[in-house]
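Visitor: Could you pick one part of this model and take me through it up close? I'd like to know how it sits among its neighbours.

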Amino acid sequence: MDWLTDRHLFLLAVALYGLSLVYSVFLWRNGFRRDNRINYLLLLAAFGPHSAAMLLRGFHLGRCPVTNLYEATLFIMWSIVGGYLGIGLWARLRFLGAFVSPALFALGVFALMPGLDTPPSVWPGLGTFWMSLHAALLLLAYGAFGLSAAAALMFLTQERNLKVNKLRAIGSLLPPIQRLAAAAERLLAGGFVFLTLGLGVGGLALARLEHPQAYRGDPKIVWSVGVWLLYLGLIIWRWRFAQGGRRFALGVLGSFLFVLLTFWGTNVLSPLHNP
Amino acid sequence: MPILVLGLSHHATPVAVRERFAFDAAGVPAALESLRGSGAADEAVILSTCNRVEIYAATPREPSRALAGLREFLLASQDSSDARIGGIYALSEPQSVQHLFRVACGLDSMVLGETEVLGQLKQAYELARQHGHTGARLNRAFQRAFNVAKHIRTQTNIQRGSVSVGSVAVELAEKVFSRLGDREVLVVGAGDTSEKTARALVSRGARGLAVANRSSDKARALAAELGGRAVSFADWLEELARVDIVISSTAAPHYLLDRARLAPLLPGRRNRPLLLIDLAVPRDIEPEVNFLENVYLYNIDDLQAIADDYLKQRRQEVARCEQIIREKALALLEDAGGGMWRGGVRVAFGHE
């Protein structure tokens, strides 16, 4: 089976994400009046080859496959799909799939672009376990933030329909907006816990380096602290100042878009993460 | 032994006539006893609701003679021999079986696709069965009717959505709130439609209810009836900090609630959604409040448009349902080994 590589398996998964995207467009146009089981099954089917691709590469490398942008993208996508498959066990939240599949397909196509799958980086003097844990926790955090953003987008869609397009709102099978807001909040809180733990593990690892202060201005570290503060601000805004509804949903969505658009650039610019 | 149906319904018979022919539940077993004793039917079920009175019978007699016997029984049972009574329909197979299925599915109801009639049909059948007035033929037909109703409900959209203003309001509330169980409702103006809407919300579990009305007696009466509390009409705005759903239906000639008055109250609600249902004409609530965050306003036209849309969707499903019913009725009759239904007759009395 030499002809079957982890990239082939991932390509198959991306093709299934593409099919899910096409079905999602149908669900959107249909006003979410149909059951979303087919989309769930498509994402479940994609999760198989996606997981297999990561396992294959992980066994080949002998560590968690999070050493370059290609692998990091795969891991974020995997955590988004895994989280969705769990949440989708609740039938009414299954429509989340229609909101995540466009992002999954776009990320999948991005990951397959040439130049991202570089040879594994050599982490400067740090143990494989701790660095794998650091990367995995952070990528799980971004996956949770991605799901939170999808729930926020669902909220914004249904909230707008309830105000403007009332027939469409009542005809759709989307969950109540209060439940969507709660889902977005919980996923955000879960993601923040992963983010804090991931950065904590990274900080401890960094402290063990010979000259940790040399990396103080590393773009990725500055960016990570900025992202942590951004999400901390969102959480304080939500719980301390009781901000909810549309503005909070826009905040969640905007924050994830910021992460999505800047993650790759800061990674490339960071001597610590891209030696 | 063919199945026959004789009856009258809201389609062609006014309520003044229907009420004369209605059977009360306690009298049905005796009526069935008398019907079978007369030899008009071997098996029988009487369905008597506010919209229809029908006798379902199975008899080996020739259908037109048997139907004439059923008609005589129906007229006699209500002390009426008025031959001019119109709208009485008499059906033999296959139309009789199709009619039974249509009734079970709510296709023959005043509100298309409603489900209450299925419960009434089940009760009528159960009553007849418990007293030994049904046999193999009707048992099978009624059981099949209940199965067909379930099939239609799950496979088509004939029962989807709400077609009354009250139930549309409940459905909207369920689109906004995770649970209705811990929601508080404020009724402003104790009108008929607002009462029905509040009743629908309470029946779906709404926790608390407050009623404000210009006449405090009326507010107290409605509050007592629905298990809520009456509040002074002068103070109802203060309740907005607590409640989740407001149903407004007063005769005020101007807006009772506008954006300027509602906006300052919202911070105290800490982003809890507020559903406003304005049933009044002229409207009680300024449309501008819908632009406030976490506020969702619906007026009577919005609710009616949603109800009409559902009704339109239900009507579009009728042809599909009828096709399913024809197939299921045919299957039942062929299972019964007859083939005799092909020569069935439809006899109409009176104006039918």
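**One helix in chain A**

Guide: Let's take helix H4 of chain A, residues 96–111: at 1.5 Å a residue its 16 residues should span 22 Å, and the end C-alpha atoms are indeed 22 Å apart, so the two agree. Helices here are DSSP runs of H or I, at least four residues long, numbered from the N terminus, and the expected span is 1.5 Å times one less than the number of residues. Bear in mind that this is a predicted model, where local features need pLDDT of at least 70, side-chain atom pairs need 80 or more, and totals for chains, interfaces and linings use all residues; side-chain values use heavy atoms, without hydrogens or water. Residues count from 1 along each chain as written, while chains are lettered from A and ligands numbered from 1 in written order.

Among the buried residues of H4(A) (under 20% relative accessible area, 1.4 Å probe, protein chains only) are Leu96(A), Phe99(A), Val100(A), Leu104(A), Leu107(A) and Ala111(A). An α-helix has 3.6 residues a turn, so residues three or four places apart point the same way. The buried residues of H4(A) pack, with heavy atoms within 4.5 Å, against H1 (6–29), H2 (37–61), H3 (69–87), H5 (128–163) and H9 (245–269) of chain A.

Two of those neighbours share a charged pair. Glu71(A) and Arg57(A) form a salt bridge, closest N and O atoms 2.8 Å apart. Glu71(A) sits in H3 and Arg57(A) in H2 of chain A, 14 residues apart, and both are buried. A salt bridge needs a Lys or Arg side-chain nitrogen within 4 Å of an Asp or Glu carboxyl oxygen; over all chains there are 26.

Methods. Helices (H or I, at least four residues) and strands (E, at least two) are DSSP runs, numbered from the N terminus. Buried means under 20% relative accessible area, exposed over 50%, partly exposed in between (1.4 Å probe, protein chains only).
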